[in-house]
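Let's take a walk through this model together, with the sequence and the 3D view side by side.

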Amino acid sequence: MGYPPPTYHRPAYGPPPATRDDNLPLIVLFVVGLPMLLFGGGAALALVLTDTGGGPSPSSATMVMPSREPLADAQETTPAQTGPAQTDPAQTDPAQTDPARPDPAQTQAGQPLQQQTGPAGLGGSITLQSIDPALQLSATVSRVIDPATPATEFVKPAAGSKLVAVEMTFTNTGQAQFTDSPLLSAWLIDHENRQYRPSVKQIGEGQDFGATVSISGGDSRMGVVVFEVPQAARAAKLQYAINAGLGSQKAEWTLA
């Protein structure tokens, strides 16, 4: 027994809905805005081109730079600023500001740098004052040994020379400890006014002071200061200045 074929029925569709263009606002904006944008840019460009050659508008803000002319006027009205400085002569002259200051010309041509003390003879004592009031030394020259005998053969004088020694006594008449170097403080002057400095060579007639001498207040030291001089030289004077020869006073003794 057979079955009849199925019957196909086509569904019924209604009319298609009306379509709405969603891009319409964008299109309108583009069509209207683009000409306005082009028009505005052109107007601005035309304004710039027409304003480059002209001066500033009365209504526009103007920056005013300061002029140098007022400064020139101020300088003209104040002559003291443009003319030579008027100073008090007393401020520029050291002699007027400090009457106690010595005149350099008088110092060089007048008084010597070291004050001469003496001369004294053999056995005479001279007191030397240091810058420190507590330092004071009394020096005495007792004898001259000419020629002096070298202590050893290793301290013989050079050929044509001899050793001359001056015996001295130092007494500390101040209150502070006195330390000095006779090797740097003494000068021997011969009969021809030639000057010699002490030698480190030792002699047999006396003990030298060594490199330095240190004396307490009220104490004394005795020793010899040795010089190496030519054979024909004769000791005439001895000079001594404390503080390694830099003292303000220089003592002098006559030896012949």
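**Charges, strands and rings**

D190 and R194 make a salt bridge, and their closest N and O atoms are 2.9 Å apart. The term salt bridge is used here for a side-chain nitrogen of Lys or Arg within 4 Å of a carboxyl oxygen of Asp or Glu. Before going on, please note that this is a predicted model, in which local features need pLDDT of at least 70 and side-chain atom pairs count only at pLDDT 80 or more, while totals for chains, interfaces and linings use all residues. Residues are numbered from 1 along each chain as its sequence is written, and side-chain values use heavy atoms, with hydrogens and water left out.

Back to the charges. R194 also forms a salt bridge with E192, where the closest N and O atoms are 3.2 Å apart. D190, E192 and R194 are thus linked in a network of salt bridges. How exposed are its members? Buried stands for under 20% relative accessible area, exposed for over 50%, and partly exposed for what lies in between (1.4 Å probe, protein chains only). D190 counts as buried at 2% relative accessibility, whereas R194 is partly exposed with a relative accessible area of 35%.

The structure holds seven salt bridges. One of them joins the side chains of D146 and K162, at 3.0 Å from N to O. This pair links distant parts of the chain, with D146 in strand β3 and K162 in strand β4, 16 residues apart. Strands here are DSSP runs (E, at least two residues), numbered from the N terminus. D146 is partly exposed, with a relative accessible area of 34%, while K162 is buried, with a relative accessible area of 10%.

Now follow those strands into their sheet. Four strands form an open sheet in the order β2-β3-β4-β9, with antiparallel pairing. β2 (125–129) and β9 (220–230) stand at the edges and have a single partner strand each, so one side of each is left without a neighbour in the sheet. Two strands count as paired if DSSP finds at least two bridges between them. On average, neighbouring strands of this sheet are turned by 30° against each other, direction ignored; the axes are lines fitted to C-alpha atoms, and angles run from 0 to 180 degrees between N-to-C directions.

At one edge, β2 and β3 (residues 136–148) run antiparallel and are joined by five bridges. They form a hairpin with six residues between them, and S125 stands opposite T140 in β3. The side chains of β2 alternate: I126 and L128 point to one face and are buried, while S125, T127 and Q129 point to the other and are not. At the other edge, β4 (residues 161–172) pairs with β9 over eleven bridges in the antiparallel sense. There, A165 has V226 of β9 as its bridge partner.

β4 also leads us to the aromatic rings. Rings of Phe, Tyr and Trp (its six-membered ring) pair if their centres lie within 6.5 Å; planes under 30 degrees apart count as stacked, over 60 as edge-to-face and the rest as tilted. The count comes to two aromatic pairs. F170 and F209 have ring centres 5.1 Å apart and planes at 45°, so this pair is tilted. F170 and Y240 have ring centres 5.1 Å apart and planes at 40°, so that pair is tilted. F170, F209 and Y240 form one aromatic cluster.
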